[in-house]
Amino acid sequence: MAAEPLLEVESLRKVFPGHRGHPEVAAVDGVSFTVREGEAVALVGESGSGKTTTARIVVGLERQTAGEVSVCGRPREPAARVTTRERRRRGREAQIVFQDPYSSLDPCQKIGSAITEVARLHFGLDRAECAARLADLLDQVGLREQHASALPRTLSGGERQRVAIACALAAEPRLLILDEAVSALDVSIQAQILNLLADVRERTRITYLFVSHDLAVVRQVADRVLVMRAGRVVEEGPTQRVLDQPQDPYTQLLLDSVPRPGWKPTRAIA
Amino acid sequence: MSGLLRLEHLQVRLPIDGEPRTVVHDVSLDVSPGEAVAIVGESGSGKSTTLRAVARLLPPGSEVRGEVLFSGESVTAMGGRALRQLRTGGIGMVFQDARANMNPVRRVGDFLVEALVTNLGQSREEASRRVASLLQEVGIADPERRLRQYPHELSGGLLQRVMIAAVVAMEPRLILADEPTSALDVTTQAEVLALLDGLRRSRGMALLLVTHDLELAAAVCDRTAVMYAGSLVEEQRSALVHEAPLHPYTAGLIESSPHSAHGARRLPVIPGRPLSGLEVGVGCPFADRCAHVRAACRVATPPLHAVGAGSVACLRAEELLASGLEGVANGC
């Protein structure tokens, strides 16, 4: 287990400015953690906990106010301008899959073109290589060849999410961030996508960073969990330990709130 | 026949691209006074359309066949005045997105008070007092301040509480709730459900809850009905659904939920994707995904029939129940 750290986050802080009389908000407030190569780590928390903001800073969609992020041993400075070459290099380090497969695909771009575009940009493949790579990626995510010529609107939510995963994998990232990637899916489809992610991990030794509010999903996919609340990490540890013997009262509250057979909803004492 | 709500072979056709198409095929369901019943299903199963048909909230051009009876009266035949009476006193509805169902340019207080003034004929002062005490009852501290605020100033959880207060204020006999907590955080969800459950019980209101979450349904409802592709496929006591599901689809849903898998590396999976009511052909709509399918399943749509204390629409239900309904979901 002495794998090298793939992602290092140190004292990360993100402050969103206030507007119209509202005070500024520290969405992420001193978060530090390390993800080792091949690990699957989950950031768990409710809305406003800062889990998504943390993930967006890691892939470079937000700039941190303070703190450091290194991916593959290279620090990602919060520079205002990053060269295209550098941005592409970063794209081969970390990719992200979003929650809503209905808004994350271009409605006018065929599936095959969306996937090969990524492969071509990053690896300069020729036509034949592109076709081979496309066939390989479609197969990896459980789509048929006919899907390549389809537009997103003809696909179901589960199929779209498979496409989004294929697009991310096309850049051959070492870190894949999944921001609530199965939350919008039906139960029977969710299980299929979770198994797909497990297959990909087994085959490629890819590293996962899950962002999720769903403790059952987290238990299924993550080795390690960080529980976040109001921008801070309140508890961290191996998934089984954290979910079976939570140390922090907030983790306990989260666990108690999950509906299950025999569960009765209770009103927390205000 | 003491049923409060009775659906008899409800069929709903919605206008899609100008053509009426069948979204709900066959739903028969009873809700007794004070009882909580859940309709569980995946997207496209027709669960929300069924609920909307009860309140006559379907889009123009929809066709409803079968019967919807509320305390013996046909909802489908109601005219304007009767319908207004039904919606203001008989049934109340809680939607998933409270924000989308409130006027954004009017204060929370106006929203609540206006309903009491117009529908119950109370004076403004009387209604304001009543509303403030209701807000306190739904767990909102400082109700006076909240009443002066606009919807955008309140969080989703608070707005859903306001929505529940608005519904409870009318003292309906039946609450229709369409995924009332799906957009909320788990801890807020637990509170809002506890609230809804408590208020409902103390006032003897019945509840018809639509959700995609079998666990949640089991937790707050006496009975659970499962819908698939526009038809009811199973209905029985919630306590039994997880232990002894009657339909292969229900069994598959339970098995493929990460809630039930402790430590397994792969989840059991129902192959394929859920069908919507629009895509249904001849035979059992679940046949193509079912591990127990036989030639007979594809010939005619299996009718809902009584098995044990519940009912199920599966030709092989008795046989499968005897042998234990397992291994429905398998590797993909």
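Helices (H or I, at least four residues) and strands (E, at least two) are DSSP runs, numbered from the N terminus. With that in hand, let's explore this predicted model.

**Exercise 1. Find which helices and strands of chain A help to line the second largest pocket, and describe the lining.**

Step 1. Start with the space itself: the volume of the second largest pocket is about 1000 Å³.

Step 2. Next, look at the residues around this pocket. Its lining is made of 38 residues. Those nearest the centre are A:V59, A:L61, A:G91, A:Q95 and A:I96.

Step 3. Now match the lining to the elements of chain A. At least two lining residues come from each of α1 (51–59), α2 (84–93), β6 (94–97), α3 (111–123) and α5 (157–170).

Step 4. Finally, sort the lining by class: 20 residues are nonpolar, 8 are polar and 10 are charged.

**Exercise 2. Examine the salt bridge between A:R89 and A:E86.**

Step 1. Check the distance. A salt bridge needs a side-chain nitrogen of Lys or Arg within 4 Å of a carboxyl oxygen of Asp or Glu. For A:R89 and A:E86, the N to O distance is 2.9 Å, so the pair qualifies.

Step 2. Place the partners. Helix α2 of chain A holds both A:R89 and A:E86, 3 residues apart, or about one turn of the helix.

Step 3. Zoom out: over all chains, the structure has 36 salt bridges.

**Exercise 3. Describe how chain A and chain B meet.**

Step 1. Count the residues in contact: chain A gives 32 and chain B gives 41.

Step 2. Turn to area. The two chains bury about 3200 Å² between them, with 56% of it on carbon and sulfur atoms.

Step 3. Look for links. Chain A and chain B share 2 salt bridges, and one such bridge joins the side chains of A:E202 and B:R266 at 3.3 Å, N to O. The interface also has 13 residue pairs in polar contact.

Step 4. Trace the side of chain A that touches chain B. Here α6 (187–204), α7 (215–221) and α9 (249–256) each supply at least two residues. The largest share, 11 residues, belongs to α6(A). By class, this side has 15 nonpolar, 9 polar and 8 charged residues.

Conventions
Residues are numbered from 1 along each chain as its sequence is written. Chains are lettered from A and ligands numbered from 1 in the order in which they are written. This is a predicted model: local features need pLDDT of at least 70, side-chain atom pairs count only at pLDDT 80 or more; totals for chains, interfaces and linings use all residues. Side-chain values use heavy atoms; hydrogens and water are left out. On a 1 Å grid over the protein atoms alone, a cavity is a set of points where a 1.4 Å probe fits but cannot get out, and a pocket is an open set with protein on both sides within 12 Å along at least five of seven lines; lining residues have an atom within 4 Å of a point. Grid points are joined across faces, edges and corners, and a volume is the space filled by probe spheres set on the points. Ala, Val, Leu, Ile, Met, Phe, Trp, Tyr, Cys and Pro count as nonpolar, Asp, Glu, Lys and Arg as charged, and the others, Gly among them, as polar. Contact means heavy atoms within 4.5 Å. Buried area is the accessible area (1.4 Å probe) that two parts lose on being put together, summed over both. A polar contact is a pair of N or O atoms within 3.5 Å; within protein, one must be able to donate a hydrogen and the other to accept it, and residues adjacent in sequence count only if both atoms are side-chain atoms.
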